[in-house]
Amino acid sequence: MCGIFAYLGWRNPIPILLEGLSLLQYRGYDSAGLAVFHETGLHRFRCKGTIHDLRVAIGDFCPKGQVGIAHTRWATHGTPSELNAHPHMVSGVAIVHNGIIENHFELKSKLLDTGARFESETDTEVLCHLVAAELSIGRRFFDAVRESLRKVHGSYALAVMSDREPDVLVAARNDSPLVIGIGEKEFYISSDVTALLPFTNTVLFLEDGDVALLKRESIEIQNLAGSRVERSTRVIHDEFSPAECHGYAHFMLKEIYEQPFALKRTLSHYMPDRNDLIGLPDDCLEFFEQVEPKRLVCVACGTSYYACLEGKFVLEHTLKIPVEVDLASEFRYRPPLLDPQSLVILVSQSGETADTVGALREAKRQEAPTLGVCNVPGSTLARECDFVFYTHAGPEIGVASTKAFTSQLAAFVVLAVGWSAIRKALAPDRKREIARGLAEIPHLMEHTLKLDSRMRALSEQFSTAQNFLYLGRGPLYPIALEGALKLKEVSYVHAEGCPAGEIKHGPIALVDENMPVFILAQRDHLLPKVLNNLQEIHTRGGQILAVTDHSIESLSCPVVDQLKFPVTDWLLGAFLAVIPLQLFAYYMAVVRGLDVDKPRNLAKSVTVE
Ligand code: AGP
């Protein structure tokens with residue numbers, strides 16, 4: 001939700017800010033803006049639209065100053081418009097903000113009483129007025145920001161400039177990520193590490209309540225009370241190529257195709273030498289030994305939640321331990337019943353999803369041990385969990401998650417099989433069988449990707465369909481949910497994922513000759529039941545798109561198409577069954593002329609509730 005980028009140094013800030021913003025665009029893209037110093041004061045460009053539109057609006061303008069702040073927005077308060085775009089400016093104070101100021105109505109009404117005038121509908125403008133008011137009573141810029149933040153409740157990541165101190169930037173964070181990049185007499189501020197990597201590998205993560213004063217040669221951090229705090233710097237080893245499309249039309253397609261490679265990378269960390277051996281790092285095994293949980297609770301949002309549903313099959317089969325799965329937005333407020341023997345596993349690609357981070361903090365409040373499964377090094381989740389298990393999928397830029405999902409599935413298999421070495425709940429032969437199967441998955445994914453042209457043709461055939469059903473059982477049920485979510489988010493076509501055994505309890509009423517139905521099946525103990533469901537859909541005229549493994553030759557009724565993926569262990573079929581569904585969603589969006597990487601109303605990291 002919203003990307004912030006800022007620069008202070010010795011170069012023209014505009015190209016730097018635009019490059020940083022482009023890398024953060026996945027966080028929001030309904031409007032964009034930046035502010036720089038020029039001649040006597042602050043100069044601002046804003047527009048409704050994308051970074052490209054902002055670039056056009058700026059043209060060849062070259063500022064005199066070498067400091068600037070920039071923002072790409074995902075609207076929370078106030079519609080997407082130029083007036084609501086950041087930076088907001090009041091009396092020579094400019095602010096870019098990510099988060100929500102929860103008491104902004106109350107603060108705004110007090111400010112209105114003092115004669116303040118507002119031009120936008122945003123909560124952020126309140127902050128500008130607060131800082132301007134503190135400056136007007138003679139406070140130093142840094143203190144003015146700090147004092148203002150003491151009056152604020154809610155979440156924020158901020159970069160602030162003032163025309164009173166043109167060589168200074170102030171950054172602050174609370175419940176919203178913010179990272180400072182450190183260069184040679186220059187600093188960067190960014191919502192995430194990835195956007196910093198083209199500029200520097202040395203970073204400093206701000207903690208909640210931190211306010212940082214950046215000058216060309218120094219950085220000082222205080223808490224809201226004004227006491228100095230020390231934060232250490234970290235060097236991020238960038239093993240990934242820059243976030244570019246590499247000849248693919250969209251990041252989503254690139255990331256779908258990158259899955260075999262991403263998975264190999266995940267596995268290389270945990271299956272380094274042999275194909276049939278999964279080895280967890282010693283500190284991970286020590287963590288499991290210490291915790292000795294009686295129950296596991298997996299918590300996440302969206303696609304990561306579906307990975308948890310899949311994880312339940314894997315963990316229960318392998319560890320013989322009860323597993324619950326919960327949506328973070330529900331879990332954090334229920335409140336859940338936890339204890340030191342409930343291990344809470346929080347799964348998040350970004351590690352910044354507000355509800356998942358909220359769930360983590362609730363788990364910690366109840367003294368439950370926490371394990372993070374996360375893709376982004378140094379993210380809030382990664383830093384705050386008792387133990388973090390990285391998925392190593394590489395940066396995922398497409399808003400619709402694809403390679404991060406399959407790497408989360410791999411993380412669950414690796415964790416479960418690796419952990420079973422201590423719990424001894426799995427026969428060694430079965431353990432080897434799963435590990436061997438997993439090692440083959442990248443190769444089988446490559447085969448499955450050959451369905452590309454068939455999925456493109458089907459998307460053309462069904463481009464005007466208004467609704468889809470996705471059905472699956474057992475480990476393919478979460479894949480039905482994921483397939484439906486993918487279609488909704490990028491093609492805006494309504495889709496419902498459902499356990500195939502549930503259709504008779506309601507959803508089958510939707511089925512007629514206008515309803516395309518994806519049915520997922522593999523050769524496992526549930527196959528006869530899925531074939532019955534297939535019949536039930538056929539009888540009611542539904543147009544069946546069967547996604548099955550290669551072993552299933554004949555189906556129990558005629559279908560529009562049968563998309564086959566290679567045969568694998570029943571616990572691993574999900575890795576392959578999801579690929580045609582990802583491709584179908586992608587091509588449906590393309591065929592309908594939509595911007596796949598910037599689906600409307602969505603942002604990659606949902607850092608507000
Ligand atoms: C996936 O395609 C979605 N964009 C979304 O559901 C996402 O998975 C969810 O917001 C959770 O994100 P996280 O994994 O970064 O926590």
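These notebook entries record what I looked up about the pocket, the ligand and the cavities of this structure.

**Entry 1. The model.** I noted at the outset that the model is predicted.

**Entry 2. The largest pocket.** I began with the volume of the largest pocket, which is about 510 Å³. I then listed its lining and found 24 residues. Those nearest the centre of the pocket are C301, G302, T303, K604 and V606. Next I looked up which elements give two or more residues to this lining, and recorded the helices α9 (302–319), α11 (354–365) and α16 (477–491), together with the strand β17 (342–348). By class, I entered nine nonpolar, nine polar and six charged residues for the lining of the largest pocket.

**Entry 3. Where the ligand sits.** Which space does the ligand take? I found that the ligand occupies the largest pocket. I recorded 15 residues around the ligand, and the closest are S304, S348, S350, T353 and E489. Of the elements, α9 and α16 each supply at least two residues of this shell. The shell around the ligand divides into five nonpolar, eight polar and two charged residues.

**Entry 4. Polar contacts of the ligand.** I looked up three distances to oxygen atoms of the ligand. For T353, a polar side-chain atom lies 2.4 Å from a ligand oxygen. For S304, an N or O atom of the side chain is 2.6 Å from an oxygen atom of the ligand. For T303, the atom concerned is a backbone N or O, and it lies 3.1 Å from a ligand oxygen. I then noted how much of the ligand is covered: the ligand on its own has 410 Å² of accessible area, and the protein covers 91% of this.

**Entry 5. The largest cavity.** I turned to the enclosed spaces. How many cavities of 30 Å³ or more are there? The count comes to four. I recorded a volume of about 180 Å³ for the largest cavity. Its lining holds 23 residues, with Y26, D192, T194, S350 and V376 nearest the centre. I noted that S350 is named here and is also among the residues closest to the ligand. The lining of the largest cavity comprises ten nonpolar, seven polar and six charged residues.

**Entry 6. The second largest cavity.** I recorded about 60 Å³ of space for the second largest cavity. Its lining includes C2, R73, W74, H77, H86, H97 and D123. By class, I entered two nonpolar, eight polar and two charged residues for this lining.

Conventions
Residues are numbered from 1 along each chain as its sequence is written. This is a predicted model: local features need pLDDT of at least 70, side-chain atom pairs count only at pLDDT 80 or more; totals for chains, interfaces and linings use all residues. Side-chain values use heavy atoms; hydrogens and water are left out. On a 1 Å grid over the protein atoms alone, a cavity is a set of points where a 1.4 Å probe fits but cannot get out, and a pocket is an open set with protein on both sides within 12 Å along at least five of seven lines; lining residues have an atom within 4 Å of a point. Grid points are joined across faces, edges and corners, and a volume is the space filled by probe spheres set on the points. Helices (H or I, at least four residues) and strands (E, at least two) are DSSP runs, numbered from the N terminus. Ala, Val, Leu, Ile, Met, Phe, Trp, Tyr, Cys and Pro count as nonpolar, Asp, Glu, Lys and Arg as charged, and the others, Gly among them, as polar. A residue is near a molecule or strand if one of its heavy atoms lies within 4 Å of it. A polar contact is a pair of N or O atoms within 3.5 Å; within protein, one must be able to donate a hydrogen and the other to accept it, and residues adjacent in sequence count only if both atoms are side-chain atoms. Accessible areas come from the Shrake-Rupley method with a 1.4 Å probe; for residues, only the protein chains shown count as cover. A molecule sits in a cavity or pocket if more than half of its atoms lie within 2 Å of its grid points.
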